[in-house]
Structure formats: structure tokens, C-alpha cells
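Dear colleague,

I am passing on the structure we spoke about, and would be glad if you looked it over alongside the notes that follow it.

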Amino acid sequence: MQAFEILESNVRSYSRSFPAILSRARGSIMLTEDGRKLIDFLSGAGALNYGHNNHRIKEAITEYLASDAVVHGLDMATPAKLEFMQTFSSVILRERDMQYRFQFTGPTGANAVEAALKLSRKVTGRQNIISFTHGYHGMSLGAIAASGNRFYRTASGVSLSGATFMPFDGYLEQVVDTADYLRTVLMDEGSGIDRPAAILVETVQGEGGINVASKEWLQSIQATAKDVGALFIVDDIQMGCGRTGEFFSFEFAALSPDIVVLSKSLSGYGLPLSMLLIKEGLDAWRPGEHTGTFRGNNLALVSATAAINLYWRSRTFSQGVQSIGELMRRRLEAIASEYENSFAVRGRGMVLGFDCRTTEVAEATTRKAFEKGLIVERCGPVDQVVKFLPALTIDVQTLNQGLEIFEEALAETVR
Ligand SMILES: *Cc1c(COP(=O)(O)O)cnc(C)c1O
């Protein structure tokens, strides 16, 4: 690890939390260069919903590479792109009665968020974006302006503008219904809040601490967006692609966003791929207005198509995610209940947060867990929440082993 300290910028972060050289991986197991076996509950921050090197998806991309098919073609038309759009349309969209156009953006989630914000401003002629406390949307300036974390905001080094923060669901406990508050200030000609181009929301805040919005709250803010002429954008970068138990994280609330942002697990293999789903009628772009060298990389489109064909043609996978999620929740709640109400468990589907209340407890617990062979990260404004993000394909035995390690690490920390 010393070579990394010398060669790599100080900015590196995950390699500090998990000091090991990781050489190989398969499914939910990572192997270090010196032969240690680690259970992965981080899954590339949600980019590996189908596990590392998923062999069924790998077949499709090795075949594609072997055939000398076009890998990089800017945003030119290829059979790989056509097959992806047709598969996604029929398996994902049509099944859900959704009608959207595809926009392939640059490869990062942040670039897709930028495109969504730009398009909303273009469509409405307004500038303001409503985003929420503890929200996270990426590191580029437009996206960070709509993200709550003070550490990241400060690091941007310029004044960030164009977004107004409103309290997320539950931010003011039971005292204030924050959806009502949002509606009130947006309807009030004297509230001082500029008419928004868009309301941008995560249905479960991933980086922000696994804060779960209720169905009613989400429906209410969607209705408010409509009433004030703003676009309703769901950032489903981390919670989409099955994480919460359904392909989109908003299906449970029957939402119909104007724009959906997808990235992280979209390619199904950890390859960079980001896109917007734009509702028919809102595609106001002029040709080339949001461009980029690496839009819709064909290799990533091939693995994305394979993942959809493998996991989303029936309800079986989705049902499995929901039942394993329940198993995780019960286990984590049982662990929390051993400590007299000091800890809380939150989440939906297979994303769960264990709120340790303090940075120290969460930090010591994840550090000890790593020493015992578990990769599990923290989130929340002061990294006080342990975040469980195992691959959706994890087997129950490995899942239980990981949870056991967490339980031991917590017990050693709190004891
Ligand atoms: C990770 C993430 C992003 C940013 O994606 P990058 O690929 O890191 O730019 C944006 N929004 C959400 C909700 C995310 O989890």
C-alpha cells in the first residue's frame, strides 16, 4: 500500500477505508493480492448489482470483443445500441406502460445529472432546481450545487448556485410534513423561492444516509412539480436497476417522472454507462447540445442488454431481491434491538442503513469488519450510517456470513 501513498493523489478514498490490493473478484467475493478473501457489501457503491464478473453477462461481452464489433463509436448508430434500446423498451418500459426516449450521456452519473438539469432549464426557461437536504447527485458543478454535503460543496471552490434546498421526507421528524411545506413555499408568490425548472429527488438517499421517502411524500412532491410547471426528475443512479426490489425505485409509488437518471448498475458489469429517460414531448434538445466522447459505449450497452435479458424478463429476480431484503432487515433489526434503542435500521429492498448515531462507532465497526473480511462502507452527513449494499445476486450463506461479521465488529466496538 505504501507505493499507492507515494504514487497516487491524496484524494483517493476507498483505498484508505479498505487498505488491501484487490486483484480478483467473482460474485460477492473479492480476493486480495496476498490471498485474503473478502465479502463485498459495497458492490462498487451500487455499480455491481449483479455481482463482480458475472459470468453470464461476461459471455456476451467477450463474444462481442472477439467479433471485432464496434466498441467506440461516439454516439453513432450501432447494432449494439439498437438492441439495447429495443430490449430496454420492450422488457422494462413497455411492461410498465412507460413511454420515454433514451439519451446517452457521458459515462458518469454526474454527467447524466448535468444533462437532466440542463434539459429542465431549457424546457421551462427557468433556472432554479429544487433539491433536498442530504441529497447527492455527483461531483460536477451543476450536480454538486444540488447536493447537500458541505465537505464536497466546499471542495468545489466556487460559489454554487442554481439550486434551493428543501427538507427531505422526515427531515423535520413528525413536526412538519415537508411535502406540504414544499408545496406551500412554491405556491406562495412571496416565499422568496424562485419558480423551479425541476424538482430533483432520490427515492432513497444513498450517500445521504439511507433516508427513505414514503410513497405519499413522493406522490405529493410529484404533484407539486406538475402544479408549478416544473419537471419531476428521479435520480435513480444508485437505487435503480433493482436495488430496492423493482427495476425502478419509484415503481412502488406508481410515479411517472419526467426524467429518470440511470447509471451505476445500468451496464450490469461495472462498465461506465449513463443515460436519461426523457418523457415523450420533453425532448427539447437541439442536435449536439449535450455531447461527449464516451456516450453509450458499445461494450457497456452489450452487457446492459445481457443483464436485462437475464434478470428482468420474469418477476423471479425481483421477488428474490425483496425476500432477501426482508431477511437482511430482520437480521439488522435484531442486532439493533440488542442495544436498547440506540441504533436505527432504515432502507428498502436490498439497500439498508444501520445508523450508529456517531461517526466513531460507525468508523470503528466498519474498520473491524474489514479486518474480519467484510467490505462495508459508511454514509450520511458525518459518515455515521453503515451502508449495506450487497450484490442482488448474493447467496444467503455469504450474506449471513457478512452480517455475522458486522454483528461481531459492532459488539467489539460498543462493548
Ligand atoms: C453515485 C451517484 C451519482 C454520481 O454518479 P458518478 O458516476 O459518481 O458521477 C449521482 N447520484 C446518485 C444518487 C448517486 O448515487
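Patches here are made of residues with over 30% relative accessible area and no salt bridge, with like charges joined within 9 Å and nonpolar side chains (Val, Leu, Ile, Met, Phe, Trp, Tyr) within 5 Å; a salt bridge is a side-chain nitrogen of Lys or Arg within 4 Å of a carboxyl oxygen of Asp or Glu, and accessible areas come from the Shrake-Rupley method with a 1.4 Å probe, only the protein chains shown counting as cover for residues. This is a predicted model, in which local features need pLDDT of at least 70 and side-chain atom pairs count only at pLDDT 80 or more, whereas totals for chains, interfaces and linings use all residues. Residues are numbered from 1 along each chain as its sequence is written, and side-chain values use heavy atoms, without hydrogens and water.

On the surface, Tyr171, Leu172, Val175, Val176 and Tyr181 make a nonpolar patch of about 460 Å². Tyr171 is found in the loop between strand 6 (163-166) and helix 9 (178-187), helices (H or I, at least four residues) and strands (E, at least two) being DSSP runs numbered from the N terminus.

The domain assignment, automatic or from a database, gives domain 1 (2-53 + 315-414) and domain 2 (69-311). Their centres, taken over C-alpha atoms, are separated by 25 Å, and 30 residues of domain 1 are in contact (heavy atoms within 4.5 Å) with 29 residues of domain 2.

Best regards
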